[in-house]
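Please open the structure in the viewer and keep the selection tool at hand. The tour proceeds one selection at a time.

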Amino acid sequence: MSSGDGEALAQREVALVDLLDRLLAGGVVITGDLTLRIADVDLVRIDLNALVSSVRAEVPSPFEEFQFGESEEPV
Amino acid sequence: MNDVREHEHELLYVYAVTRPFATALPDGVRGLDGKPPGLIEHRGLCAAVSRVPAEDFNAGPLRAHLEDLDWLGRTARTHEAVIAALATVTCPVPLRLATVCRDENGVRRLLDSGRARFVRAIERLDGRIEWGVKVYAQAQQPFPSRELDPPEPKAATGRDYLRRRLGERQSRDEIWRRAGALSRALHAELCDRAEAGRLHRPQNARLSGEPGENVLNAAYLVPLDRSEDFVAAIRDFIPHIEGVRVELTGPWAPYSFAGGPDDGHGQVDQASREGREEQ
């Protein structure tokens, strides 16, 4: 499919904005203290803000610091 | 598969969770470390991972990197490439961008703690793909409209000028109205044909670079063997409406449906979104 102006239905190669929709608002969100995750969109620059702001509504808590159990050491 | 030994100052970036699989990944797939992704199997599940430097992926640096569109873009495209490679041999459940564990034990705990969700997600997503459908409203300049008087070549008076401006505004509103009506009808139709539908937030034109305003930004979960019919249905459904454009993206791995309803951000309740404001 081409993306000409006359096309009612256009398909293109993966655009970053479409990919980020899926990677920032899709995918399994791991909660808990074992992982880092993206959530603090307020720190993201204005250009990105609109794009990732969907995350804000969906992930309740802000960016979690990388936390470890008290006695966890790498094996 | 590269070795996933423990290293100081490194973290494990987790792309996806799958069932353990025997088939080799396609040649040439590279993770964030430039190597084929590693696989950590644990009690009937498997995590696809790469070693990443803590100096980039610890909370502070990651926060800074997220402000860098180039970095974000590279990371996202690599993540997607790994998911795409996994999808050729198994059913990957994609994790959200930048899911990072401290070490292999962390990955195993991730698999343990999320076991029920991952197993359900694999059952729900296996053999399915995702299609993205977007609708744009784009005012024509000048917009010829049946409802309006033919545009005059030159505004003779201030009143004519104002009338013309009003006409242009009305035509924009009319395009929005048509795009909204098409979006609602199309979404309802595609939800019927798909196993699930989800609305993403409309995209910002400055980021997408797309002309016009994004009115509908939706994703649909479709069984692989019904994919062609689904795409054909979209084509058939779309009337040619002036100023309204429909765009199809995909097929995607089912990113938008990986979380599921129990994550609180999965499939939308269609009825509750039906009346969403059109900005």
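Begin in chain B of this predicted model by selecting A16(B) together with P94(B), which stands opposite A16(B) in β4(B). The two strands concerned, β1(B) and β4(B), are joined by two bridges and run antiparallel.

**The strand β1(B)**

Extend the selection to the whole of β1, residues 10-18 of chain B, a strand that is mostly covered, with nine of its nine residues buried. Next, add β3(B), residues 45-53: eight bridges connect this strand to β1(B), and the pair is antiparallel. A further antiparallel partner of β1(B) is β5(B), residues 100-101, to which two bridges lead.

**Y13(B) and the core**

Now select Y13(B). Which residue stands opposite Y13(B) in β3(B)? The residue is S50(B). In β5(B), V100(B) is the bridge partner of Y13(B). Leaving aside residues up to four places away in sequence, display the contacts of Y13(B): L32(B), V49(B), S50(B), V52(B), F57(B) and V100(B).

Add V14(B) and A47(B) to the view. Along with Y13(B), these residues touch the most other members of the largest nonpolar core, which has 71 residues. This core lies between domain 1 (10-125) and domain 2 (128-274) of chain B, because both domains give residues to it.

**Where the two domains meet**

Colour chain B by its two domains, domain 1 covering 10-125 and domain 2 covering 128-274. Eleven residues of domain 1 are in contact with eight residues of domain 2. On the domain 1 side, the elements giving two or more residues are α3 (69-87), β4 (93-94) and α5 (115-125) of chain B. Select α5(B) in particular, since α5(B) gives the most to this side, with five residues. By character, the domain 1 side that touches domain 2 consists of eight nonpolar and three charged residues, with no polar ones.

**Unusual backbone positions**

Most residues other than glycine have a negative phi, and most peptide bonds are trans. The following stops depart from that pattern in chain B.

Select R43(B), in the loop between β2 (38-42) and β3 of chain B. R43(B) is not a glycine, yet its phi is positive, near 45 degrees. Is R43(B) buried or exposed? R43(B) counts as exposed, because 10 C-beta neighbours lie inside 10 Å.

Move to A98(B), which lies in the loop between β4 and β5 of chain B. A98(B) also has a positive phi, about 65 degrees, although it is not a glycine. This residue is buried, with 23 other C-beta atoms within 10 Å of A98(B).

Then select G250(B) and P251(B), which are joined by a cis peptide bond with omega of about 5 degrees. P251(B) lies in strand β9 (residues 244-252) of chain B.

**A helix in chain A**

Turn to chain A and select α1(A), residues 16-25, a mostly covered helix in which eight of ten residues are buried. The buried residues include D18(A), D21(A) and R22(A), as well as L19(A), L20(A), L23(A), L24(A) and A25(A). After α1(A) comes G27(A), which has a positive phi near 75 degrees.

**The whole of chain B**

Finally, select chain B in full. Its secondary structure comprises nine helices and nine strands. Of the 279 residues in chain B, 39% are buried. Among contacts in chain B between residues at least 6 apart in sequence, 78% join residues at least 24 apart.

Conventions
Residues are numbered from 1 along each chain as its sequence is written. Chains are lettered from A and ligands numbered from 1 in the order in which they are written. This is a predicted model: local features need pLDDT of at least 70, side-chain atom pairs count only at pLDDT 80 or more; totals for chains, interfaces and linings use all residues. Domain bounds come from an automatic or database domain assignment. Two residues are in contact if their C-beta atoms, placed from the backbone, lie within 7 Å. Helices (H or I, at least four residues) and strands (E, at least two) are DSSP runs, numbered from the N terminus. Ala, Val, Leu, Ile, Met, Phe, Trp, Tyr, Cys and Pro count as nonpolar, Asp, Glu, Lys and Arg as charged, and the others, Gly among them, as polar. A residue is buried if 20 or more other C-beta atoms lie within 10 Å of its own, exposed if 12 or fewer, and partly exposed in between; C-beta atoms are placed from the backbone. Two strands pair if DSSP finds at least two bridges between them. A nonpolar core is a set of buried Ala, Val, Leu, Ile, Met, Phe, Trp, Tyr and Cys residues joined through C-beta atoms within 7 Å.
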